[in-house]
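Okay, thanks for coming, everyone. I'll put the model up and then walk you through a few spots in it.

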Amino acid sequence: MAHRDPEKRRAYNAAYRAARREELNTRERERARDPIYKEKHRKYRKANLSKYAEYQRNSRAKNPKDHLIYQARMRATRDALPFGITDDTMHWPTHCPVLGLELDYSKAPIKERREAWQVRSNTVTLDRHVNALGYVVGNVFAISHRANRIKSDATAEELMAVAVYARDGLPNS
C-alpha cells in the first residue's frame, strides 16, 4: 500500500516487517545453515558483481536521458507521486534555461571505478517546478545540476536567475 506521507509509509512498512519477522527469520536461518546455498550464492555474487557494475556504467553512458527518466520514475514510485514523462515528452535543451550553462548529457565515468564519477555543475538534472505535482509534463524541466543545488551556495547573480525562474517558470514552455 503506497502512502504519500513518509511517516505513514514508514509505519506501514515497519508493521508489515514485524508481522512477517518470524517467518523471514526462520527462512534466513535455514538458508544460512545450508552450505550449498551459501557457496552457490557467494559464487554467483562474485561472478556477477563486475558484470552488473559494467552494465550500470554502460547504461548511463549510452542512454543518459533514459537513465534520468528511470531515476525519476523510481523516486516517483518511492514517494507516491504522479509520473507521466517520457523521453519524447521532455524538452532537452542544449543550454541550462536558468543559468545559461552548456548542458553535459554524457554520463561517462572519468575512470572505470564508480567512486571516480563526478557530478559537475553542467550535468543535466530533472527539476520539478512544483514539487507536489510530481513528474508530469509541464512541471519537469531539464536544468543544470548547479541550478538545482543553487539554494545552498550561490552568488547574487545566480540567485536572481533562479528567482526569475521560480517566479515565471521557463519562457516558451
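One definition before anything else: when I say buried, I mean under 20% relative accessible area, exposed means over 50%, and partly exposed is in between, with a 1.4 Å probe and protein chains only. Take tyrosine 165 as the test case: at 9% relative accessibility, it counts as buried. I'll come back to that one.

Now the housekeeping. This is a predicted model, so local features need pLDDT of at least 70 and side-chain atom pairs count only at pLDDT 80 or more, while totals for chains, interfaces and linings use all residues. Residues are numbered from 1 along each chain as its sequence is written, and side-chain values use heavy atoms, with hydrogens and water left out.

So, how confident is the predictor? pLDDT is its confidence in each residue, from 0 to 100. The chain's mean is 79, with 80% of residues at 70 or more. Confidence is lowest in helix α2, residues 35–62, where the mean is 71, and highest in strand β2, residues 140–144, at 92.

On to the overall layout. Helices (H or I, at least four residues) and strands (E, at least two) are DSSP runs here, numbered from the N terminus. We've got five helices and two strands, and along the sequence they go α-α-α-β-β-α-α. Out of 173 residues, 27% count as buried. By Shrake-Rupley with a 1.4 Å probe, where for residues only the protein chains shown count as cover, the chain exposes about 12,500 Å², and carbon and sulfur atoms supply 53% of that. As for contacts, meaning heavy atoms within 4.5 Å: among those between residues at least 6 apart in sequence, 52% join residues at least 24 apart.

Let's look at helix α5, residues 156–168. The expected span of a helix is 1.5 Å times one less than its number of residues. For the 13 residues of α5 that should come to 18 Å, and the end C-alpha atoms are indeed 18 Å apart, so the two agree. Which residues of α5 are buried? They're Glu158, Val162 and Tyr165. Look down the axis of α5 and those buried residues fall within an arc of 55°, so they line one face of the helix; the arc is taken from the directions from the helix axis to the C-beta atoms. The face turned away from that buried side carries the exposed residues Ala156, Glu157, Met160 and Arg167. And what do the buried residues of α5 pack against? That would be β1, β2 and α4, the last being residues 145–148.

Back to tyrosine 165, as promised, which sits in α5. Leaving out residues up to four places away in sequence, tyrosine 165 touches Val98, Asp127, His129, Phe141 and Leu170. From tyrosine 165 to alanine 147 is 18 residues in sequence and 9.9 Å in space, C-alpha to C-alpha. Just past the helix, α5 is followed by glycine 169, with a positive phi near 75°.

Helix α3 also ends with a positive phi next door. First its length: the 16 residues of α3 should span 22 Å at 1.5 Å a residue, and the end C-alpha atoms are 23 Å apart, which agrees. Buried in α3 are Pro64, His67, Leu68, Ile69, Ala72 and Ala76. Right after α3 comes alanine 80, with a positive phi of about 55°. Most residues other than glycine have a negative phi. Alanine 80 belongs to the loop between α3 and β1, and at 18% relative accessibility it counts as buried.

That loop also holds threonine 94. Buried or exposed? Threonine 94 counts as exposed, because its relative accessibility is 55%. Setting aside residues up to four places away in sequence, threonine 94 touches Leu101, Glu102 and Leu103. There's also a polar contact of 3.0 Å between the side chains of threonine 94 and histidine 95. By polar contact I mean a pair of N or O atoms within 3.5 Å; within protein, one must be able to donate a hydrogen and the other to accept it, and residues adjacent in sequence count only if both atoms are side-chain atoms.

Last stop: valine 137, in the loop between β1 and β2. At 53% relative accessibility, valine 137 counts as exposed. Its C-alpha atom is 5.7 Å from that of isoleucine 85, 52 residues away along the chain. Beyond four places in sequence, valine 137 touches Gly84, Ile85 and Thr89.

Key. pLDDT is the predictor's confidence in each residue, from 0 to 100.
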